[in-house]
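Please open the model in a viewer and keep the selection tool at hand. The tour proceeds from stop to stop, stating at each one what to select and what is found there.

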Amino acid sequence: MGPNVIANDSVVVADPRGARRLPGATALRSLARDPLALLGLAILVGAAFVAAFADLIAPGDPLDMAGIPLQWPGDDPAHVLGTDSLGRDVFSGLVHGTRASLMIGLSAAGVSLALGVLVGAIAGYFGGRADSALLRLTELFQTVPAFLLVIVLVAINTPTIGVIQLAIGLASWPEIARLVRSEFRLLRDSDFVLAARAAGFSSAHIVVREVLPNALPPLIVTTSILVASAILTESGLSFLGMSDPNVVSWGGMIGGNREHIGSAWFLTALPGAAIAIVVLAFNLLGDGLNDALNPRLRRRPS
Amino acid sequence: MDLPIVATDSAPAVARPPGRFMPAVRRTLRQAIPTVLGILVLNFALLQMVPGDVVDVMAGESGGATMESMRALREQFGLAGSIGERLVAYLGNLATLDLGVSPRYNAPVAELILDRLPNTLFLVVSGLAVAIVVGVLVGVAMATWAGRLPDRALSLVNLLLYATPGFCIGLMLILLFSVKLGWLPANGHATIGVTLAGGDWLLDRLRYALLPIVTLATFFIAVYGRLTRAAMLEVRQQDFVRTARAKGLAPSRVMFRHVLRNALMPITTMAGLHFAALFGGAAVTETLFGWPGLGRLTLDAVMTRDFNLLLGILLLSSLLVVVVNMLVDLLQLWLDPRIQAR
Amino acid sequence: MVRTSRRTFLHQASLATVLAGVPAWALTEAGSAMASSGASNGTLTVVLNPEPPTLVSFANTGGTCVTASSKVLEGLLEYDHDLTPRPQLATSWSVSPDGLTYEFKLRENVKWHDGKPFTAADAAFSILLSRRYHPRGTATFANLDAAEAVDATTLRLRLAKPAPYLLLALSAGETPILPSHLYEADTAVQNPLNARPIGTGPFRFREWERGSHIIYERNPDYWQPGKPQVETLLFRIVPDIAARLNGFRNGSLDIGESSPIPLSEIPNLDKYPHLATTTKGYADNAVVTALEFNLEREVLAKHEVRRAIAHALDREQIRKIAFYGFAVPTVAPIVKSSFPRFHLDAEDPYPYDIRKANELLDAAGYPRQGGGHRLGLTLHANPFNEGFRRTAHYVRSALARIGIDVTVREQDPGSYVRSVYNEREFDMTVSGVSTMFDPTVGLQRVYWSKSFNPKVPFSNANRYHNPEVDRLLEAAAIEPDVEKRAELFKRFQEIVIREIPTIALVQLQSVTVFNRRVDGFSKTASGLRGNIADVHFAQA
């Protein structure tokens, strides 16, 4: 289903002393002690590995009609996970699909981040008229139901991977913008910012070198959720039939075999499980990062 | 003694209780109108970029057409004319609350939308309600046993619900409850052709609605579960809770009166945001279950280039979101008097 | 009571029969159907997907529109499975030897659902309406000079040039007869009656809940007494294919046309003894899947390249995989099943031969380069049928073997029409061309150079221009003699099979799925898309 919503259950406060604080060694150490976060990280590293070496793990074209259609896993030793309705190998599809799914997630998140940070930073730092105008713009985009907007954007163009990434990214930037804006509003009155201003640094320098690094923690957490959300949205789009037919993606595998749910439900279950595992991993990682970067809010009670 | 009613924008939040709602309402209305107009222009511009118009689609569906028939249809549907002319005409109609006619369905857009709107609203509101109730309960359970086995187990289930795509869950629910067990219907919103009354009608509708509502709600159950757990854990450490405990108030009273009430803040904020998300995401659930709602209508409208209809839907759903956000603002004001109405 | 009605009916029928065109068996068939009738009973649940935008098919003829319209609105004629005309609202007809004058004798004592009488004026009005708004009517009736009601039961059509296909264009779905007392020609498309139609048909409109269902009820005053034998017609709108399959299995759906369930599931239907299928009832809408080339692209303008591609395609694979076996390979674009007299039984000049394909591409100047690739082409898949999409994927796979990289484009209908027909930004497209009820009406637009028009979809997408083909098609369009016409069509097919501006691949078979308790719906070439006045429930 994949609505573009980020469940941000963290409350973030900048270090009251105003010292520059990058997510440093402390954070990494506490991350390393969190077994669930490590699990998530391990899964993602595994997925990245599969994506990078897809051609070695499953050689050949995953879209090639290689075998007899609709074979169950285990029927044919040449196709360990079975074949779909066009005779394509499911294992090959899952492996190559990793690349597409990860890429879509990361690129869409990248687009959202770029736009959101830009808008949020300007609005939050400068305030005033710019803030009102940008806030209005953000509200505008937030009021249109995101998924509907994505559908319309994809329908304007041919559904290719690039268009889908852009559309999903364009639909999710308002939340990033809001987050960045509230961060910047908090931080712009901090000591170190005032000091930098007094020292004569330009606004651009201050925003990028002083404020942004301090605003990173919640952004990092939100990014992992954003990627997960983008992968879910893409699967929803594919289910509705709007996926790129030249690239294998897990969502596309589910969407293309919808009608075989009764007799060949593994065609839905296997890619669905793959999506769930990767999304889960991003969430675990995001939770772990949240705990590591926000010592104030701990999952284990004191 | 009655205070004189002083209604100015600069009235502080310490005015009489009813008064503190008015500024919020007024603010929303002031901001809503330009927002809605902006949405309108944005969508209009967006739709102009969509290739093909409704006559193209009709010709495609008919397996062919001729110049003359297409021209005749375009004239009838008012599709001749420049973009500017059409935008002006549309805005003019809007001023008289006329959303236009859908050329494809040959019916007023308002009528088409209002036919389907209750179905989607029912789904979305029920889904949200179920998600909040179940999510909060789950979150409370997790927070109560935080760190111990029930918490970990529930957290895992929670995460799985969050990570699995909704339509996958829906498909599996259909497979289990409808195909294999045959307990629940998998398509439509009511039994057709029979008129039922009272309890029978309700039961029939609920049978059809159960699976779609659960499918729509699963993702958000997970969200609210985590939210509740996190908010409760945070608030539990704060002063007033410790004070209450120190005073000797029973733990459950402490939980539900103080902690929960303050944890509702982020929940209601998110609920407002989620309304928009649910409205869009309902498109997938409605397609899966054949639910005759606005989401499916939107998909149809996009596929068939029915611009009038699409504009009407986008406009209406945006208006709904504005209204819901306003209600959430008011609710939060009521929940936590510390918030100032700007 | 039944006996009296039958006698009266036969009496009336014998009076009404005047000229040629009413085969004797038509009368006896009606008679015997009546004899087997019991009391009318029950609700027939028909599945419909997608939801038709209107319930009247004079301007919008998308599939389900025709299905919904033809139960309420009738046509002058209906057709047998081999496209022989039979009476419906017209009881007899004659064509002048020069093919320029048609005269129809219309049925008497037919009433509209609002009680007013049906007259020739309605028929004339409807034909003129079709000429103005119908996607094909503007072409079918292009040669029409006048349509006049000579008297209340006689319709005369005068043509400027012969139109040998005109007699086949008068089915309920193709040219519905509308009540002229309730429609104005200028505002016909927006008439609110299009959503709650009034016609002469066996069923009356009762309600339409958009997104959910349409309900028709039996017309007690129908001109065929005793019919229909079904009390209520319930159309359920079910967009999800798995839900439709479920509906048939659990008995909540009785019948559906145009392959309502996944073709891959049809072999599994023998586990459900109450279900059956048939591929009859589509003779008036034969669709051939074809690979069309954009001849304005330099690569594809070369005959060798097109031949190489033809050699790389195996029709048998397409039949088996893309259509799950529900297709008939065909080399000629005019299919045998619908047009046995016009079909050319030719051998494939470019049979499946990978080696030959590779040779041709080498000779044409496209050698294999790095990675074995020769060249790249785009392929747009027509979205109106799942089979086209699957065929496109097959083509992609097949051409990869001869070094052509194919990029498949799947778009929604509006975008597809734009890309292929308006903007013409395509290399190849897998599309379906329906020969409809006559090759001139269905096929000519694909090959005739003068039908090339970027503003009109499903016109000549290739930009094919062969003066000899043009001449043959134009001559066939106005040739009243069937033998001569067949000869013209066969020579036309010879040329295009050789030149392959488009490669005809397979004729797809549509399947009607039904519950065995339903019968009598497949008597005409239109099958379930006709007026199904004969439908009834089989005696248990």
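Which residues of α4(A) meet α9(A), and which residues of α9(A) do they meet? The model is a predicted one, and this pair of helices is the opening stop.

**Stop 1: two helices of chain A**

Select α4 (90-126) of chain A together with helix α9, residues 203-239 of the same chain. On the α4(A) side, colour Ser101(A), Ile104(A), Gly105(A), Leu106(A), Ala108(A), Ala109(A), Ser112(A), Leu113(A), Ala121(A) and Tyr125(A). Their counterparts in α9(A) are Val207(A), Val211(A), Thr223(A), Leu226(A), Val227(A), Ala230(A), Ile231(A) and Glu234(A). Sorted by class, this contact comprises 13 nonpolar, four polar and one charged residues.

Packed helices are described by the angle and the distance between their axes. Here the axes come within 8 Å and cross at roughly 140 degrees. Angles over 145 degrees would count as roughly antiparallel; α4(A) and α9(A) are therefore oblique to each other. The crossing of α4(A) past α9(A) is right-handed.

**Stop 2: chain A as a whole**

Now display all of chain A. Its secondary structure consists of 11 helices and zero strands. Of its 302 residues, 55% are buried. Among the contacts in chain A between residues at least 6 apart in sequence, 72% join residues at least 24 apart.

Next, select Leu70(A), in the loop between α3 (54-57) and α4 (90-126) of chain A. Most residues other than glycine have a negative phi. Leu70(A), although not a glycine, has a positive phi of about 55 degrees. Is Leu70(A) buried or partly exposed? It is partly exposed, because 19 other C-beta atoms lie within 10 Å, whereas a buried residue requires 20 or more.

**Stop 3: where chain B touches chain A**

Add chain B to the display. The contact between the two chains involves 52 residues of chain B and 40 residues of chain A. On the chain B side, at least two residues each come from α1 (21-48), α6 (149-163), α7 (166-180), α8 (198-236), α10 (251-289), α11 (294-303) and α12 (307-335). Which of these helices gives the most to this side of chain B? The answer is α10(B), with 14 residues. By class, the side of chain B that touches chain A has 37 nonpolar, 13 polar and two charged residues.

**Stop 4: Thr215 of chain B**

Remain in chain B and centre the view on Thr215(B), which belongs to helix α8. Thr215(B) is buried, because 25 other C-beta atoms lie within 10 Å. With neighbours within four places in sequence left aside, the contacts of Thr215(B) are Gly166(B), Ile169(B), Gly170(B), Leu173(B) and Thr285(B). A distance label drawn from Thr215(B) to Phe289(B), C-alpha to C-alpha, should read 9.9 Å, and these two residues are 74 apart along the chain.

**Stop 5: a sheet in chain C**

Turn to chain C and select its strands β4, β5, β6 and β7. In what order do these four strands lie? They form an open sheet in the order β4-β5-β7-β6, with antiparallel pairing. The strands β4 (90-95) and β6 (144-151) stand at the edges with a single partner each, so one side of each has no neighbour in the sheet. On average, neighbouring strands are turned by 15 degrees against each other, direction ignored.

For a closer view, select β6(C) and β7, residues 154-159, which pair over six bridges. Within this pair, Ala149(C) has Leu155(C) in β7(C) as its bridge partner. Helix α4 (residues 120-133) of chain C packs on the sheet, touching β5 (101-106), β6 and β7, and its direction makes about 165 degrees with that of β6(C).

**Stop 6: backbone features of chain C**

Most peptide bonds are trans. Two cis bonds can be inspected here.

- Asn49(C) and Pro50(C) are joined by a cis peptide bond, with omega about 0 degrees; Pro50(C) is in the loop between β1 (41-48) and α3 (63-69).
- The bond from Lys227(C) to Pro228(C) is cis, with omega near -5 degrees; Pro228(C) is in the loop between β9 (213-218) and β10 (230-237).

Finally, select Arg463(C), in the loop between α14 (444-447) and α15 (467-477) of chain C. Arg463(C) is not a glycine, yet its phi is positive, about 65 degrees. With 17 C-beta neighbours inside 10 Å, Arg463(C) counts as partly exposed.

Note on methods
Residues are numbered from 1 along each chain as its sequence is written. Chains are lettered from A and ligands numbered from 1 in the order in which they are written. This is a predicted model: local features need pLDDT of at least 70, side-chain atom pairs count only at pLDDT 80 or more; totals for chains, interfaces and linings use all residues. Two strands pair if DSSP finds at least two bridges between them. Axes are lines fitted to C-alpha atoms, for helices over the stretch in contact, and angles run from 0 to 180 degrees between N-to-C directions. Two residues are in contact if their C-beta atoms, placed from the backbone, lie within 7 Å. A residue is buried if 20 or more other C-beta atoms lie within 10 Å of its own, exposed if 12 or fewer, and partly exposed in between; C-beta atoms are placed from the backbone. Ala, Val, Leu, Ile, Met, Phe, Trp, Tyr, Cys and Pro count as nonpolar, Asp, Glu, Lys and Arg as charged, and the others, Gly among them, as polar. Angles under 35 degrees count as roughly parallel, over 145 as roughly antiparallel, 65 to 115 as roughly perpendicular and the rest as oblique. A crossing is left-handed if the near helix is turned anticlockwise from the far one by less than a right angle, and right-handed if clockwise.
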